[in-house]
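Let's take a walk through this fold, beginning with a small backbone oddity and working outward to the whole chain.

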Amino acid sequence: MSATQLALAVREGAVSAIDLVSASLDRIESVDPQINSFTLITRERAIAEAQKIDALRAQGATLPPLAGVPYAVKNLFDLKDEVTISGSKVLRNSPAATADAFLVERLRSAGGICVGALNMDEFAYGFTTENSHVGPCHNPHDVSRIAGGSSGGCGASIAAGLVPISLGSDTNGSIRVPSSVCGIFGLKPSFGRLSRTGSYPFVTSLDHLGPFARSVEDLARVYDICQSPDPVDHACAQRPIEPTFVELSKGIDGLRIARLTGYFDELATPLAQQASRLAAAALGAESEVELPHVDIARAAAFAITGSEGGSMHLPTIRHHYADYEPFSRDRFISGALTPAAWYLKAQRFRTWFLQRANELFKEFDVLIAPATPCPAWPIGTEWIELNGKQFPARASMGLFTQPISFIGLPVVAAPIYQEGELPLGVQLIAPPWREDLALRAAAQLEKLGVARSNVAKDFV
Amino acid sequence: MTDPNAIAQYVDASTAILDLHLVAEARERVIVTLSRTASIVAPLMAFDLPVEIESAEVYTLRS
């Protein structure tokens, strides 16, 4: 059942919050060892929150919109009285968080029940959630394969039917990549749209937070609940709440939609190109357009990521090198050595590239591109081949997402299942602050059955 | 900067300035990683940005 359906069932008294959450927790404990999506199960907290919801209902109070709905969060979100580990070993002995993260508080106030924290690449520096400290997260559609990253636990927990919604982060693709390869919907909002207060940072110039769900309706509802200006987060835009759920019924009437080609076709496998074409055909997008110098945008995001991430971790890596993730510690050190000229050029290129994107948005409302160059590959893969060229696997899952998050555009990742294939999603990219347009396009794809998100067949 | 010797010298000088001591294996991996990054970043550094963007401030005062 979707989050919307579960909330309705609780509101109507068909099921109590305690029964719903208990069943959820039992299922997580039973099933999750197969996929390793959870790093922490917050049973006591969840039971206490569920009891409060049931008490409210017994009093005849109006229940908040997510009352009784279980959710989980990537383990870089602060949860009160729990240690925020951000996928790491070095933070395990840190003091517990004294308060929930801002977005967790928003979900709690809406009646959502937090059931736990989710597996991720250490410090969010990865696209595969092959975490050496706690083990890899497995893709429910084929447990020998990656769940994507860095929010792999977010994607896998939903694809396995353990929770209907989750919260993750996306710096270079970490919401969109797991959404794509786990076959679920994900929203990376505009940069600065949602508060990052109470989340462990990775690259402050590029970090976004956002929701995952198995339906566009749920995605829009959760996003709307998360919206709020936050003066504590200086990067959070002080914008009013702009509801998107009410916009979904408009469909794609009046929307001008185009498919991105060039870079997004050259590096895409035939399956990824086909996903993009299927979405374009379903949305009536006859135009194909190119963004200039997308490869340079990706390079610039690469430089900013390494530099900011590396600089932030330098003091800790200096003394705890061996405790860092082998897949990322040398990238952190290398990043900390980034010449200032590279970093500043990369930051300045953002302005130029955003200008080019906004020129396209004068003619189009939504742009379509594959979310990943290919579906999930086997865990442990080191190299992949894309159209005859060899690429280092782990960095390449973000080839299509990185240039878009670089300029902070809002994106919905919509899952496309092609006959006999693993899921591979598309990006529905909108102008700054227009999450509603991307969500409307995703809703249309879902309505037509072109984008769909089912629980993985082995976990039904 | 794609000359491997130049990158190795850069890594050694930079880590010295930052008082960062790398064991031999880590040093080699960092040199390889930075070399790879240099190749990726080369087109960015060769790209001509308009002067008004190249000279723009990167910091804005906020209250």
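Start with A:Ser86, which is buried, since its relative accessible area is 1% and buried means under 20%. This is a predicted model, so everything here is read off predicted coordinates. The serine sits in the loop between E2 and helix H4 (102–109) of chain A. Its backbone is worth a look: phi of A:Ser86 is near 45°, a positive value in a residue that isn't glycine.

A:Phe123 makes a nice companion. Here phi is near 55°, again positive in a residue other than glycine. You'll find A:Phe123 in the loop between E3 and strand E4 (130–131) of chain A, and at 1% relative accessibility it counts as buried.

One more backbone feature while we're in the loops: the peptide bond joining A:Gly149 and A:Ser150 is cis, with omega about 5°. A:Ser150 belongs to the loop between strand E7 (142–146) and H5 of chain A.

Follow that loop into H5 (residues 152–159) of chain A and you reach the sheet. The helix lies across E1, strand E2 (70–74), strand E3 (113–118), strand E8 (165–170) and strand E10 (208–213) of chain A, running at about 155° to E8(A).

The sheet itself is open, with 11 strands of chain A in the order E1-E3-E2-E8-E10-E9-E16-E17-E13-E11-E12 and mixed pairing. Its edges are strand E1 (38–41) and strand E12 (287–289) of chain A, each pairing on one side only. From one strand to the next, the twist averages 30°. For a parallel pair, look at strand E11 (residues 257–260) and strand E13 (residues 366–370) of chain A, which share three bridges; A:Arg259 has A:Ile368 in E13(A) as its bridge partner.

Now for some helix packing. Helix H7 (residues 216–226) and helix H15 (residues 435–447) of chain A pack at about 160°, their axes 9 Å apart. That angle makes H7(A) roughly antiparallel to H15(A). On the H7(A) side the contact involves A:Val216, A:Glu217, A:Leu219, A:Ala220 and A:Tyr223, which meet A:Glu435, A:Leu439, A:Ala442, A:Ala443 and A:Glu446 in H15(A). By class, that's seven nonpolar, three charged and no polar residues.

Finally, step back. Chain A has 15 helices and 17 strands. Its radius of gyration is 20 Å, close to the 23 Å that the globule rule gives for 460 residues, so chain A is as compact as a globular protein of that length. Buried residues make up 65% of the 460. Of the contacts between residues at least 6 apart in sequence, 76% join residues at least 24 apart.

Notes
Residues numbered from 1 in each chain as written. Chains lettered and ligands numbered in written order. Predicted model: local features only at pLDDT ≥ 70, side-chain atom pairs only at ≥ 80, totals over all residues. Heavy atoms only, no water. Axes fitted to C-alpha atoms, helices over the stretch in contact; angles between N-to-C directions. Helix = DSSP H or I, 4+ residues; strand = E, 2+ residues; numbered from the N terminus. Parallel < 35°, antiparallel > 145°, perpendicular 65-115°, else oblique. Contact = heavy atoms within 4.5 Å. Nonpolar A, V, L, I, M, F, W, Y, C, P; charged D, E, K, R; others polar. Pairing = 2+ DSSP bridges. Rg over C-alpha atoms; globule rule 2.2 N^0.38 Å. Buried < 20%, exposed > 50% of the residue type's maximum accessible area, 1.4 Å probe, protein only.
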